[in-house]
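Please open the model in your viewer and keep the sequence panel beside it. The tour below moves from one selection to the next and says what is found at each stop.

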Amino acid sequence: MGRPISDLHGKQFGRLTVIAHHGFRGKHSTWECVCTCGVKKVVLGAALKKGLMSCGCLAREVHSAVLTKINTKHGLSKSRAYSVWQSMLARCYRQSHEHFKDYGGRGISVCNEWLGAPHGFEKFLADMGQPPEGLTLDRRDNNGPYNPENCRWATATQQVRNSRVVKYYEVNGQRMLAKDLAALFGIKEGTMRWRLSHWGLDRTLASLPAAVA
C-alpha cells in the first residue's frame, strides 16, 4: 500500500504548475513542474508549500535587479551592514552560492521591503541598524524568512543554539545541549557527547554523578 500524499497535481505555485507526481526522495514526495519560462523541474512538495515560486528564473531576475541596479548613493556600499545585506540576498537568490541549498533551496526568502531596489538596503539598515561588534545576522525561526520580526543581531553561541542541526536533550523539563549537561554534571564535554551518541540520554543520565551545585 503506497504512502498517502497531498495531491498537488494541477496546482500553481508562483510560476510553477505541477504536472505529475515524481515519486519520493527519502520520505519526501517530489513533483514534476513546468515553469512559465518553459523549463521543467522536479521539486520537493515541501519546497512548493514553503514558497518555491519558479525553476530558478525568478531568483535570477530578482538577484540581477537588486544587485546590479541597486542605488548606492547612501555611501555605505563598503560598510559591514551592506556586506551582510548582500550576503543575505545571495544565500536566498543566487543558486551558485555555496549555501543556497540551505536557504533559497529550502524556500527561505527575504521580505519585499528589504528586497526591492533601489531602497532595499536603506530599509534593511533602518530596521536592523549597523551590526554591533561580534554579532551576526540571525533568524529566530530558522524556517522563517528574513524580515524585521524574525531577524536579530546574535552572538556565535546564539547562532549555534538556533541552528537546525543542533541536538537538544530534555532534562527535567529543560532543553539542554551536550555542553550544558557536561557543565551541569561536572564532566568533560567530549565525554558527555560520546555517552549521548553511544548510550542515549537515559543510560547517560543514569551513569552521571549528582549535578554540580
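The stops that follow cover a helix pair, the nonpolar cores and a further helix, all in a predicted model.

Begin by selecting helix 3, residues 80–93, together with helix 5, residues 120–128, whose axes come within 10 Å and cross at roughly 115°. Since angles of 65 to 115 degrees count as roughly perpendicular, helix 3 and helix 5 are therefore described as roughly perpendicular to each other, and their crossing is right-handed.

Next, show the side chains where the two helices touch: from helix 3, Ala81, Tyr82, Val84, Trp85 and Met88 meet Gly120, Phe121, Phe124 and Leu125 of helix 5. Sorted by class, this contact of helix 3 with helix 5 holds eight nonpolar residues and one polar residue, with no charged residues.

Keep Trp85, Met88 and Phe124 displayed and add Val110, Trp114, Leu137 and Tyr146, for these seven touch the most other members of the largest nonpolar core, which has 23 residues. Two or more residues of this core are given by each of helix 3, helix 4 (112–115), helix 5 and strand 6 (151–154), and the largest share, eight residues, comes from helix 3. Then select Val18, Cys33, Val43 and Ala47, which are among the 13 residues of another core lying apart from the largest one.

For the last stop, go to helix 7, residues 178–185, in which Ala178, Asp180, Leu181, Ala182 and Phe185 are buried. Just after helix 7 comes Gly186, where the backbone takes a positive phi of about 70°.

How values were computed
Residues are numbered from 1 along each chain as its sequence is written. This is a predicted model: local features need pLDDT of at least 70, side-chain atom pairs count only at pLDDT 80 or more; totals for chains, interfaces and linings use all residues. Side-chain values use heavy atoms; hydrogens and water are left out. Axes are lines fitted to C-alpha atoms, for helices over the stretch in contact, and angles run from 0 to 180 degrees between N-to-C directions. Helices (H or I, at least four residues) and strands (E, at least two) are DSSP runs, numbered from the N terminus. Angles under 35 degrees count as roughly parallel, over 145 as roughly antiparallel, 65 to 115 as roughly perpendicular and the rest as oblique. A crossing is left-handed if the near helix is turned anticlockwise from the far one by less than a right angle, and right-handed if clockwise. Contact means heavy atoms within 4.5 Å. Ala, Val, Leu, Ile, Met, Phe, Trp, Tyr, Cys and Pro count as nonpolar, Asp, Glu, Lys and Arg as charged, and the others, Gly among them, as polar. Buried means under 20% relative accessible area, exposed over 50%, partly exposed in between (1.4 Å probe, protein chains only). A nonpolar core is a set of buried Ala, Val, Leu, Ile, Met, Phe, Trp, Tyr and Cys residues joined through side-chain atoms within 4.5 Å.
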